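Let's take a friendly walk through this structure, one region at a time. Please keep the 3D view open as you read.

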Amino acid sequence: PAARGTSPAPLAPRSLPPQRKSVQRAVFSVGCADPALHVNMMTDFEKNLHQDMITQLHNCAAVGNAARLKALLSRSPSLINAAADNGWTALMYGARNGHLEVVQILLEEGCDRSLINKSRQTALDIAKFWGYKHIANLLANVKGGQSPNFLSNEVKEYENYFGLTLLDRRTEKRTDSKWLTKKQSHPTTVYILFSNLSPLVTSGREIESSQQPKVKLCRLHHKDVEQYMNETEEDILIFLGVELQFHMNLPIACNGGVLQEGEEDGLVAWFALSVDSASAEKFKQKHEDCYFLHPPMPALLQLPEKEAGVVAQARSVLAWHSRYRFCPTCGSATKIEEGGYKKICLKEGCPSLQGVHNTSYPRVDPVVIMQVIHPDGNHCLLGRQKRFPPGMFTCLAGFVEPGETIEDAVRREVEEEAGVKVGRVQYVSCQPWPMPSSLMIGCLAVAVSTEIKVDKNEIEDARWFTREQVVEVLTKRNQRSFFVPPGRAIAHQLMKHWIGMNPNL
């Protein structure tokens, strides 16, 4: 289709003049005296033959000759995505003329439905423009398909902010109540204090590098927090893990892993302690150099990366405790076990006491966040919500629903929010997001349609941005027209990953 008011789209490709016989005669009349001429003429012949086969394939698609189309593809499967001078493919001609069987055959053979013609339209755009709803539905709902050439087959693993940590969680220690009790009063044990899910921090002194964060966790010890432990029902203690060991010079490493009675294991345990507002106020009065970091966003992004990972773990588990004070199955009181990672109902006969129930353990809410790439590979789709600061755009995102795959969640959310259909989905990386306890699953998603229809109930606006615009904002900090989330947000990293696909950048 062409834009309204311009020349109409072709119903079928223009036929080429029948040149094969004349070219073939010319080739076989050439002797060996001029091998270069022979090679050149063979090349011309091959080019004409190849172009002729493309035209035949496109004609079959345009007129709906499914049998002939299948025969051509069986002989030359590489022609399936071949484009004419105007950028049109066989799939586009089939979609333009409403030939459902042709479109089905091409999709079954693995054609790339994300290709665009010189009018910047995909086959789905064409079918929708000309009103072939059955074909548009087919093109929109095919999953996966051939990977576009701009989508890398290799994705290197990397960690995002909130994903790094100082600790080894040592989950086997959560059920060792004797060890936990001993570690709680050990002089080397570290406590981090929370009030209303905000961690206690201190502002560090000016240091050599201005890049280094100035805000850091207050690392307390048992003597600092002893009077605040178990003061009220709101006080919650969580075992977070032990400090990662980089040098194996501990007693446990020297005696084959068996500790004698009373022998130290050398492990430095960390606990998170949540106290009520009154206790928090008392503590602040005694420690004037400390304060509770609030509000959580963007304040938590100021922490050193590995401390941020500890806070993400602690805040998420504490948030679970604050929201699930009673048994979700029967509403009775519960008790905390396994270092804060399990709740057990106190009512005898409660169904949650039989077998394993996810109501007894901390929950994590999976969220897909996606960098949607235009079929041309050089634009991306960004959106904004009303609550965002003016000019801020970011990747689209949404919660994964029960019984839904990551890929389907990506496709559903993009269509719901922006009206754009997505084909190929590729996982990139993830980020724990303790607001209160989400896991952001970062993906690249290749659009197969380009028209945007924003659902105002979901987002305020969505637009296609060029690669150059995104590069300008990310690398040159030019935020006059729009800006994106900070570097510690996974949305920022997904944009960087996308522009890094281009080897010229």
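A good place to begin is His 379, which sits in strand S11, residues 379-384. Keep in mind throughout that this is a predicted model. His 379 has a relative accessible area of 15%, so the residue is buried, the cut-off being under 20%. What does the side chain of His 379 make a polar contact with? The partner is the side chain of Asp 376, at 2.9 Å. Leaving out residues up to four places away in sequence, His 379 also touches Arg 120, Val 372, Ile 373, His 374, Trp 464, Phe 465, Thr 466 and Trp 498. You can also pick out Val 470: from His 379 to Val 470 there are 91 residues in sequence, while their C-alpha atoms are 8.9 Å apart in space.

Let's zoom out for a moment. The protein has 505 residues, and 46% of them are buried. Its secondary structure consists of 16 helices and 15 strands. If you take the contacts between residues at least 6 apart in sequence, 71% of them join residues at least 24 apart. The exposed surface comes to about 26,400 Å², with carbon and sulfur atoms supplying 51% of that area.

Now to the interior. In soluble globular proteins, nonpolar side chains tend to be buried together. Here the largest nonpolar core has 57 residues, and the members that touch the most others are Ile 192, Leu 240, Leu 303 and Leu 382. Which helix gives the most to this core? That is helix H13, residues 305-323, with eight residues. For a view from inside, centre on Ile 192: beyond residues up to four places away in sequence, its contacts are Leu 217, Cys 218, Leu 240, Trp 270, Phe 271, Ala 272, Leu 273, Val 310 and Ala 314. There is also a second, separate core, made of 35 residues, with Leu 79, Met 92, Val 103 and Leu 107 among them.

Helix H8, residues 177-184, is a neat case to look at down its axis. Its buried residues are Trp 179, Leu 180 and Lys 183. Their directions fall within an arc of 100° around the axis of H8, so the buried residues line one face of the helix. On the other side of H8, Ser 177, Lys 178 and Thr 181 are exposed. What do the buried residues of H8 pack against? They pack against strand S5 (236-243) and strand S6 (269-275).

Next, follow the chain to Lys 421, in the loop between helix H14 (406-418) and strand S13 (422-433). Is Lys 421 buried or exposed? Its relative accessibility is 15%, and therefore Lys 421 counts as buried. The side chain of Lys 421 makes a polar contact at 2.7 Å with the side chain of Glu 415. Apart from neighbours within four places in sequence, the residues in contact with Lys 421 are Leu 124, Ala 140, Asn 141, Glu 415, Val 446, Ala 447, Val 448 and Ser 449.

From Lys 421 the loop leads into S13. S13 runs antiparallel to strand S14, residues 438-447, and nine bridges join the two. One bridge to trace is that of Tyr 427, whose partner in S14 is Cys 443. A hairpin of four residues joins S13 to S14. Pro 436 is found in that loop, and the peptide bond between Met 435 and Pro 436 is cis, with omega about 0°.

That brings us to backbone geometry. Most residues other than glycine have a negative phi, and most peptide bonds are trans. A cis bond also leads from His 294 to Pro 295, with omega near -5°; Pro 295 lies in the loop between strand S7 (290-292) and helix H12 (296-299). For phi, look at the loop between strand S2 (190-195) and strand S3 (198-203), where you will find Asn 196. Asn 196 is not a glycine, yet its phi is positive, about 50°. With 60% relative accessibility, Asn 196 counts as exposed. Leu 197 is also placed in the loop between S2 and S3, and its phi is positive too, near 70°.

Methods
Residues numbered from 1 in each chain as written. Predicted model: local features only at pLDDT ≥ 70, side-chain atom pairs only at ≥ 80, totals over all residues. Heavy atoms only, no water. Buried < 20%, exposed > 50% of the residue type's maximum accessible area, 1.4 Å probe, protein only. Polar contact = N/O pair within 3.5 Å; in protein donor to acceptor, adjacent residues only side chain to side chain. Contact = heavy atoms within 4.5 Å. Pairing = 2+ DSSP bridges. Areas by Shrake-Rupley, 256 points an atom, 1.4 Å probe, with all protein chains shown as cover. Core = buried A, V, L, I, M, F, W, Y, C linked by side-chain atoms within 4.5 Å. Arc of directions from axis to C-beta.
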